2 protein chains.
Amino acid sequence: MTKSISSIGQRSTRQRTAVVDSLQRNEDFRSSQEIHDQLRHEGISVGLSTVYRTLQALAEAGEVDVIVRDDGESVYRLCSEHHHHHLVCRRCRTTVELEAPSVETWAHKVAADHGFTDTTHTIEIWGLCPDCTTAD
Amino acid sequence: MTKSISSIGQRSTRQRTAVVDSLQRNEDFRSSQEIHDQLRHEGISVGLSTVYRTLQALAEAGEVDVIVRDDGESVYRLCSEHHHHHLVCRRCRTTVELEAPSVETWAHKVAADHGFTDTTHTIEIWGLCPDCTTAD
DNA sequence: ATAGGTGCAAAGCATTTGCAGCAGC
DNA sequence: GCTGCTGCAAATGCTTTGCACCTAT
């Protein structure tokens with residue numbers, strides 16, 4: 001299970017394990033800095049650059065989902081094995097994972113119709129979750 | 001026609017006119033810096049901060065579309081009067097404006113199903129346009 | 001005349017990078 | 001012991017801000 005995760009790099013280090021562990025214990029998208037902070041609070045000292053480098057490697061290896069928030073900060077989350085999208089609370093960041101075969105199909109069809117190749121897409125839905133709606 | 005554009009701020013200045021003009025003459029998404037560069041090449045001197053401030057104001061007024069690129073840079077484009085999405089060439093930035101009523105519906109429905117309120121969504125499709133595909 | 005706008009330079013942030021030291025293998 | 005990994009600090013790149021000057025009204 002941790003097997004596939006350690007598919008990045010050639011060595012298993014305390015730092016990488018810590019970052020991956022942190023990802024595994026969290027459902028929502030978090031930035032490098034947030035992950036770094038959490039580790040620090042847990043008493044685990046890992047350099048910020050190492051966190052960045054690790055997340056980057058994981059993203060390249062396809063082990064994590066990356067989305068760029070409206071403010072330009074990149075946030076990461078371990079992803080399930082297949083493509084999906086998210087419904088995110090803009091206040092508390094609660095995240096619901098969505099599957100949308102019909103939208104996938106639509107995206108590829110539309111792109112193909114216009115002669116585009118090698119397509120990818122970004123679909124994110126933002127809103128207020130039930131709790132935050134009530135909290136108003 | 002320029003009327004609605006001048007809806008930001010209280011004064012009509014050379015600089016704002018220049019930025020809006022530049023937007024009107026371009027179909028694709030461009031960053032503040034790119035717009036600033038273009039104006040400079042046209043011999044129009046406008047401070048970079050002014051470009052940023054103007055685009056920000058336009059975005060707040062809903063006059064332009066903003067999307068955050070994968071690298072975290074914000075890019076702007078005058079938007080038509082209604083909600084829509086984009087198919088963008090990741091190499092040359094050619095942009096096709098899309099309308100997708102079915103996807104709109106899907107997004108709102110999915111959000112509502114999970115009890116989310118006040119929802120918005122981001123849908124961008126990236127790929128290589130026909131020209132750039134051929135250029136390989 | 002008088003606020004709102006502008007421009008510069010400095011500050012802020014997230015992220016990347018160079019390099020010397022450290023540690024898996 | 002070699003090589004990859006780490007961590008610091010400095011650098012980078014986009015964006016924001018403070019502040020004095022300018023200018024449309």
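The following questions and answers concern a predicted model of two protein chains and two DNA strands.

User: On what basis are the residues numbered and the values accepted?

Analyst: Residues are numbered from 1 along each chain as its sequence is written, and chains are lettered from A and ligands numbered from 1 in the order in which they are written. Side-chain values use heavy atoms, with hydrogens and water left out, and in this predicted model local features need pLDDT of at least 70, side-chain atom pairs count only at pLDDT 80 or more, and totals for chains, interfaces and linings use all residues.

User: Which residues come nearest to DNA strand D?

Analyst: A residue is near a strand if one of its heavy atoms lies within 4 Å of it. Sugar and phosphate account for 63% of the atoms of DNA strand D that come within 4 Å of the protein. Of the 22 residues around this strand, those that come nearest are Arg11(A), Thr13(A), Thr50(A), Arg53(A) and Tyr52(B).

User: Which residue of chain A has a polar side-chain atom 2.5 Å from a base nitrogen of DNA strand D?

Analyst: A polar contact is a pair of N or O atoms within 3.5 Å; within protein, one must be able to donate a hydrogen and the other to accept it, and residues adjacent in sequence count only if both atoms are side-chain atoms. Ser49(A) places a polar side-chain atom 3.2 Å from a base nitrogen of DNA strand D. From chain B, a side-chain N or O atom of Arg11(B) is 3.1 Å from a base oxygen of the strand. The residue with the 2.5 Å distance is Arg53(A).

User: Which element supplies the largest share of the surface near DNA strand D?

Analyst: Elements are DSSP runs numbered from the N terminus, with helices (H or I) of at least four residues and strands (E) of at least two. At least two residues each come from α2 (14–24) and α4 (48–60) of chain A and from α4 (48–60) of chain B. The largest share, four residues, comes from α4(B).

User: What is the distance from Arg53(B) to a base nitrogen of DNA strand C?

Analyst: Arg53(B) is among the closest of the 22 residues that surround DNA strand C, together with Tyr52(A), Gln10(B), Arg11(B) and Thr13(B). Other polar side-chain atoms reach the backbone: one of Gln56(A) lies 2.9 Å from a phosphate oxygen, and one of Gln15(B) lies 2.7 Å from a sugar or linking oxygen. For a polar side-chain atom of Arg53(B), the distance to the base nitrogen is 2.6 Å.

User: How many charged residues are on the surface near DNA strand C?

Analyst: Ala, Val, Leu, Ile, Met, Phe, Trp, Tyr, Cys and Pro count as nonpolar, Asp, Glu, Lys and Arg as charged, and the others, Gly among them, as polar. The surface near DNA strand C has two nonpolar and 13 polar residues, and its charged residues number seven.

User: How much area do chain A and chain B bury between them?

Analyst: In this interface, 35 residues of chain A are in contact (heavy atoms within 4.5 Å) with 35 residues of chain B. Buried area is the accessible area (1.4 Å probe) that two parts lose on being put together, summed over both. Carbon and sulfur atoms carry 67% of a total of about 2900 Å².

User: How many salt bridges cross the interface of chain A and chain B?

Analyst: A salt bridge is a side-chain nitrogen of Lys or Arg within 4 Å of a carboxyl oxygen of Asp or Glu. The interface has two residue pairs in polar contact, both at pLDDT 80 or more. The number of salt bridges found across it is zero.

User: Over how many bridges do β6(A) and β6(B) pair?

Analyst: Two strands pair if DSSP finds at least two bridges between them. Glu124(A) has Thr122(B) as its bridge partner in β6(B). The two strands, β6(A) and β6 (residues 117–128) of chain B, are antiparallel, and their bridges number nine.

User: Which strands stand at the edges of the open three-stranded sheet of chain A?

Analyst: The order in this antiparallel sheet is β1-β3-β2. Two bridges join β1(A) to β3 (residues 74–78), and five join β2(A) to β3(A). Val75(A) in β3(A) stands opposite Ser31(A) and opposite Ile67(A). Each edge strand has a single partner, so one side of each is left without a neighbour in the sheet; these strands are β1 (30–31) and β2 (64–68).
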